Structure formats: C-alpha cells, structure tokens
Amino acid sequence: MRVLVTGGAGYIGSVVVEELLAAGHLVTVLDNMSKGHADAVPPGVDLVRADLHEQELVEQLLRAAQIEAVVHMAADSLVGESVTAPGKYYRNNLVAGLRLLDAMLVTGVERLVFSSTAAVYGEPAQQPIDETAATRPTNPYGETKLAFEHALAWYERAHGLRYASLRYFNAAGASRRAGEDHDPETHLIPLVLQAAAGRVPHVTIFGDDYPTPDGTCVRDYIHVVDLARAHVLALSALAEGSRIYNLGCGGVGYSVRQVVDAAREVTGAPIPVQFGPRRAGDPAILVASSDRIRQELGWQPLQGELGAIVESAWTWLRAHPHGYAH
Ligand code: UFG
C-alpha cells in the first residue's frame, strides 16, 4: 500500500517507517520537524515538511502521492507540558488531527492507524489494563488522544472510515538505525543511559513511597521495533474493520529501580541515583493486557526482556553520542 506516516521523522515514527518498508509498503513521511530528525527517516523515503494544520496542502499531498492509508503519529506527547499548556495539546493533537481526517475524507482515503496512549486510561484500579477498562484521562495529553479516538468512531459511522487505535504503554529501545533523541529528554531509559555515559551526574527517581513492591513506579516497557511491527499488522487488519488495541508486553511490568539495575548490568556503569519527590500525575502502576492484539492479529513481543530493550538503546546511544546531531 501507499502509506502516509505523519510524524514519521520522530522516535517511534521513524521505526514504524522502517517496518512498513520492510513489509513492502511505499511510504511518504509528513512531519513539521518540530521534534523530528531528517536523519531518522530512512534513505529514499520522501520527507514532506508540512504541518497538519495546512489542510489544503495535506489534501494535495494525499492526491499527488496517491495515498491509500495513513499512519497518524504526529503529536505532542509530554504529559507535564500538557497540563501547563493545554491549548497546544488541543490544537496539535485534536484540531490538527481533525484537519487530517477531513483531508482524508475529501480525497477518499479511508484507512488510518492512530498512535494513542495508555494515558487514555488515567489511573485504573485494576491491572493489567485491558481495552474494556474505563477511560478517565488525568491530563490534557490523554484527554486529547481520547477525544481523537472518539472522533474516529464518529467518522467511521458517518463516513465509513476504518481505523485502528493503538494505545502505547512505554515505548523504549532502538532499532539498528533509529533511536531516541528528544530535547528535552524526559523518559526514564534514555536518562538512565545518559547517566551511565557520564553525560548527566545522576538519575533522580521520582518517588519511592508508591504502593508497589519496591516503592517505585511500575511501567510496561515495549521495544520500539515490536511496537512498530504492530502497526504493520494493524494496517493489514483494517480490511476487516476498525479496532482498538493496547500495546505493552504485559506480565508484571518493571519498576524504576529495576530499570536502573538492568542498565547497570548492561552498561557496567555504577549509575548514581538520587531520590526526589513524586512527579505530578504519575500513576503507581501501568501494565497492559495485550491479549486482544495477540489473539486477533497474532502479534507478540519478540524483545520483551527489559535487558534486551535497554541493550538496544545503549548500543544506539554509543553509536550516536550526540543523537542525530552527528
Ligand atoms: N522517572 C523517574 N526519573 C526520571 C524519569 C522518569 O523516576 O528522570 C520515572 C517516572 O516517574 C515513571 C517512570 O520513570 O514512573 C517512567 O517515566 P517516563 O517519563 O519514561 O514514561 P511515562 O510512564 O511517564 O510516560 C509514558 C509515555 C507518555 C504516556 C505515558 C502513559 O512517555 O507519552 O507513558 O501513561 F503518556
């Protein structure tokens, strides 16, 4: 299929592009480059620098490239920022997304795979979380992703759009050529590895008094390549109708302390740790049940071990000590 990937120059987007290419799809990337890196886009793939707010331009692109399906990954995704700047999240995650849907409608593109998030659930009482859990976001990031999911359902009903909404848990790790390079970096695994490389003096653990086995937050880390493979499967499955899937590795998840320990083992570095207060809005535990996508699409994580995830991120960091800058 000819596929447009919005946000395809970003961390997860660039790996999704790699997996789509490997599966034989023809890919065009649209990215406003607010966070993306041109070098993250695989060679030979057209990178169109444009913003989804420019609906006419998006329509022209959909027509010119004869796009048959869209993987929509362009978004702002920092929970903390969303609380202090909600308007940005409503504009970029919801309004821009609606412009994309309207451009698809006008040009007859009827298939969409959407990057959603575990943040749509808020803080559910029951773990692991399956797709039938109540959606009660606790921040504008999760709220805007959920609002867009709701819009997808109504566009399906009104206009026959077919969509797959993929609710990511904690994406981590790297492919051979693409890795995590955020500015500012807020995610645990890259920060821990920066401490291992001596680029930051220590890691601050946000809270050690959570009701978890070791007092630190538990998360469900999923290798970015496993996550990307799910997009390829979801795209093919759209022929049989719309769907919503959680994407995590499941099990019991890993605590912040366990992540630091895994990184010490992989890197051989001491990785100094300090304890700080809880970060606002952090749920104690977020672990996915991904049974639905396992059963319906036969997806399974191939690199679900925390050590393998951290190892791939460490390999990428050593090969790209300054990220994509060099
Ligand atoms: N953490 C620390 N110290 C740090 C950074 C993180 O202790 O310096 C902790 C956090 O408190 C959290 C865990 O490490 O408990 C993981 O934090 P990340 O920032 O790596 O990831 P989050 O779980 O906060 O966020 C991820 C995605 C979001 C998404 C969310 C869903 O990055 O986009 O999962 O809940 F919204």
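Select β9 (residues 218-219) and β12 in this predicted model. The two strands pair in the antiparallel sense, over two bridges. Now pick Val218 and look across to β12: Ser255 stands opposite.

Widen the selection to the whole sheet. Three strands make up this open sheet, in the order β12-β9-β14, and the pairing is mixed. Which strands stand at the edges? They are β12 (254-255) and β14 (285-286). Each has a single partner strand, so one side of each is left without a neighbour in the sheet.

**The seven-stranded sheet**

Next, show the other open sheet. Seven strands run in the order β3-β2-β1-β4-β5-β6-β11, with parallel pairing. At its edges are β3 (46-49) and β11 (243-247), each of which pairs on one side only. Look along the sheet to see the twist, which averages 20 degrees from one strand to the next.

Zoom in on β2 (residues 26-31) beside β3. This pair is parallel and is held over four bridges. Label Val29, then find Leu47 in β3, which stands opposite Val29.

Add helix α4 (residues 86-107). α4 packs on the sheet and touches β1 (2-6), β4 (69-72) and β5 (111-117). At what angle does the direction of α4 meet that of β4? The angle is about 175 degrees.

Then add helix α7 (residues 224-237). α7 lies across β4, β5, β6 (162-168) and β11. Its run makes about 160 degrees with β6.

**Two domains**

Zoom out and colour by domain. The assignment gives domain 1 (2-172 + 223-247) and domain 2 (188-219 + 251-325). Their C-alpha centres lie 24 Å apart. Where the two touch, 28 residues come from domain 1 and 22 residues from domain 2.

Stay on the side of domain 1 that touches domain 2. Four elements give two or more residues to that side: α3 (79-84), β7 (170-172), α7 and β11. Which element gives the most? Helix α7 does, with seven residues. Colour that side of domain 1 by residue class, and 15 residues come up nonpolar, seven polar and six charged.

**Around the ligand**

Select the ligand and the residues around it. There are 21 of them. Which come nearest? Ala119, His187, Leu188, Phe206 and Cys217 do.

Keep the domain colours on. The shell around the ligand draws at least three residues from each of domain 1 and domain 2. Now highlight α6 (188-196) and β8 (203-206), each of which supplies at least two residues of the shell. The largest share, four residues, comes from β8. Switch to colouring by class: the shell has 12 nonpolar, six polar and three charged residues.

**Backbone stops**

Three places in the loops deserve a click. Keep this background in mind: most residues other than glycine have a negative phi, and most peptide bonds are trans.

- Go to Gln127 and Pro128. The peptide bond from Gln127 to Pro128 is cis, with omega near -10 degrees. Pro128 sits in the loop between β5 and α5 (140-159).
- Move on to Asp183 and Pro184. A cis peptide bond joins this pair too, and omega is about 5 degrees. Pro184 is in the loop between β7 and α6.
- Finish with Gln66. Its phi is near 50 degrees, a positive value in a residue other than glycine. Gln66 is in the loop between α2 (55-64) and β4.

**The whole molecule**

Reset the view and show everything as a cartoon. The protein has 10 helices and 14 strands. Along its principal axes, the C-alpha trace spans about 55 × 45 × 40 Å. How does the radius of gyration fit a compact globule? For 326 residues, such a globule would have a radius of gyration near 20 Å. The protein has 19 Å, which agrees.

Conventions. Residues are numbered from 1 along each chain as its sequence is written. This is a predicted model: local features need pLDDT of at least 70, side-chain atom pairs count only at pLDDT 80 or more; totals for chains, interfaces and linings use all residues. A residue is near a molecule or strand if its C-beta atom, placed from the backbone, lies within 6 Å of it. Ala, Val, Leu, Ile, Met, Phe, Trp, Tyr, Cys and Pro count as nonpolar, Asp, Glu, Lys and Arg as charged, and the others, Gly among them, as polar. Domain bounds come from an automatic or database domain assignment. Two strands pair if DSSP finds at least two bridges between them. Axes are lines fitted to C-alpha atoms, for helices over the stretch in contact, and angles run from 0 to 180 degrees between N-to-C directions. Two residues are in contact if their C-beta atoms, placed from the backbone, lie within 7 Å. The radius of gyration is taken over C-alpha atoms; the globule rule is 2.2 Å times the number of residues to the power 0.38.
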